[in-house]
Amino acid sequence: ALTTLRCCSEQARLLGLSMSASTARLAMAAVQASVPSCAHCGKQGGKGVELKKCSRCKQASYCGAECQNAGWKKHKKNCTAPLPRLTMPEAVNKIETALRSGNLRGVLEWEGRMEVLIVDQPDITRSFFLSTFANAHASQLEHEVDAAGSRHHAREVIRLEKSRLDLLGRIEHFREQGEALHNIGQHLLIEKRPEEAVKYLQKARDLGAAHGLFTVECRACSDLGRIALQEGRQEEGLDLYRNTLAAAPLVEENEGLYELNALDRLVEALLSQGGADALDEVAPLIPRYREAARKESRRDGSVMVGSAARSAFYQELLSYTVSARLLEARGQPAKAAEEVCALLSLVRENKAAVRAMPERVRGVVLHSLHLLENLETLGVVELMELRGFLSF
């Protein structure tokens with residue numbers, strides 16, 4: 001360290017510069033910081049002190065077994081064996097194996113190494129791997145319970161998708177570009193950065209509309225409508241939900257599910273707004289909403305086959321409570337009671353499906369029933385039976 005400092009001082013003298021005492025101290029500190037030291041006690045190597053690296057991670061160094069044992073509790077959190085050097089084909093094979101087995105955490109173990117390997121690859125190849133890692137982070141985010149972990153995965157998705165945007169713009173892959181814009185917007189919302197999110201979602205919507213990418217347009221409009229309603233911009237939010245519903249039948253795949261979700265959001269938003277005009281708009285939507293839910297919940301021949309079908313069945317149940325709320329608001333309690341009785345019949349026919357629904361979901365249907373307390377024409381026994389099923 002002293003030799004290096006003397007060399008710096010000599011070079012400064014030859015250049016006609018002076019090194020002050022404070023500069024010398026800073027230089028000495030920088031030199032000392034670069035000298036390896038024991039990860040536990042801080043003792044620097046050299047002068048009779050031989051440091052040995054951890055045999056597993058090859059990163060941390062220790063002056064002896066005593067310090068290594070004492071520092072293990074802290075070090076073990078970060079002690080992982082380094083990944084082996086791989087060629088591009090070997091790395092691709094590792095990632096494909098992890099993907100086939102559903103091991104997304106395993107996919108992310110290769111993220112840093114792959115980002116170096118794909119630098120010289122074609123734009124389409126680089127985009128594919130960036131998308132793979134972004135989707136893996138998004139999936140991990142869904143199962144993350146720690147707030148710091150959630151933020152980490154959200155930021156990684158944003159970073160990777162922004163990198164993809166530049167590549168996709170050059171090769172004019174508009175569908176993937178729209179999906180990347182939408183993905184960034186969604187994860188900016190998770191990061192609680194709504195203003196930035198809106199900009200990306202608007203770009204996704206406009207790109208979808210310009211290139212006939214109705215899935216991209218539909219998803220972006222739906223998220224923009226939700227943000228507008230949350231911020232109190234009622235008419236703007238409703239218009240965006242109407243646009244979502246208009247685009248839903250035109251999406252490239254799963255159009256029934258998109259239409260159902262668009263109907264669900266628009267109907268609920270109109271009912272929350274209230275007023276005669278809103279109720280008039282809801283009335284013709286309810287039969288369409290119920291039919292879309294029934295179709296999706298029985299796509300494979302029976303109720304509750306797959307998560308999408310379970311969600312659709314829940315929405316089918318809600319369509320009856322929504323209809324009852326509308327009829328009661330219009331001063332037709334007898335017809336409202338008929339809708340609740342129809343709901344009870346549906347629940348009786350599908351007891352197993354209802355009991356398999358999450359408690360939170362059954363709670364939403366129950367809440368809708370609580371809004372119908374004053375239905376004098378509905379028998380108390382029937383109402384208690386229905387609540388009993390949903391409260392199971």
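A residue counts as buried under 20% relative accessible area, as exposed over 50%, and as partly exposed in between. With those cut-offs in hand, Arg 242 lands in the partly exposed class, because its relative accessibility is 27%. The model is a predicted one, and Arg 242 is a handy place to start reading it.

Arg 242 pairs up with Asp 239 in a salt bridge, with 2.6 Å between the closest N and O atoms. Both residues sit in helix H12 (residues 234–247), three residues apart, or about one turn of the helix. Such spacing suits a pairing along one face, since an α-helix has 3.6 residues a turn, so residues three or four places apart point the same way. Asp 239 is partly exposed as well, at 39% relative accessible area.

Helix H15 (residues 285–297) offers another pair with this spacing: Glu 291 and Arg 294 lie three residues apart in it, again about one turn. Their side chains meet in a salt bridge at 3.5 Å, N to O. Glu 291 has 45% relative accessibility and is therefore partly exposed, and Arg 294, at 28%, is partly exposed too. Elsewhere, salt bridges with shared partners tie Arg 155, Glu 191, Arg 193 and Glu 196 into one network.

Glu 231 and Arg 233 make a further salt bridge, their closest N and O atoms being 2.4 Å apart. Here, too, the partners are partly exposed: Glu 231 has a relative accessibility of 46%, and Arg 233 has a relative accessible area of 30%. Over the model, the count of salt bridges comes to 15.

Some lysines tell another story. Lys 73, Lys 74, Lys 76 and Lys 77 gather on the surface as a patch of positive charge. Lys 73 belongs to helix H3 (residues 65–75) and has a relative accessible area of 67%, so this residue is exposed. Lys 192 stands out for its backbone instead: its phi is positive, about 60°, although the residue is not a glycine. Lys 192 sits in the loop between helix H9 (174–190) and helix H10 (194–211), and is exposed because its relative accessible area is 72%.

Burial comes into view in helix H17 (residues 333–349). The 17 residues of H17 reach 25 Å from first C-alpha to last, close to the 24 Å expected at 1.5 Å a residue. Buried positions in H17 include Ala 336, Ala 337, Val 340, Leu 343, Leu 344, Leu 346 and Val 347, and Glu 339 is buried there as well.

Technical notes. Residues numbered from 1 in each chain as written. Predicted model: local features only at pLDDT ≥ 70, side-chain atom pairs only at ≥ 80, totals over all residues. Heavy atoms only, no water. Patch = residues over 30% accessible without salt bridge, like charges linked within 9 Å, V, L, I, M, F, W, Y side chains within 5 Å. Areas by Shrake-Rupley, 256 points an atom, 1.4 Å probe, with all protein chains shown as cover. Salt bridge = Lys/Arg side-chain N within 4 Å of Asp/Glu carboxyl O. Lys, Arg positive; Asp, Glu negative; His and termini not counted. Charge placed at Lys NZ, Arg CZ, Asp CG, Glu CD. Helix = DSSP H or I, 4+ residues; strand = E, 2+ residues; numbered from the N terminus. Buried < 20%, exposed > 50% of the residue type's maximum accessible area, 1.4 Å probe, protein only. Expected span 1.5 Å × (residues − 1).
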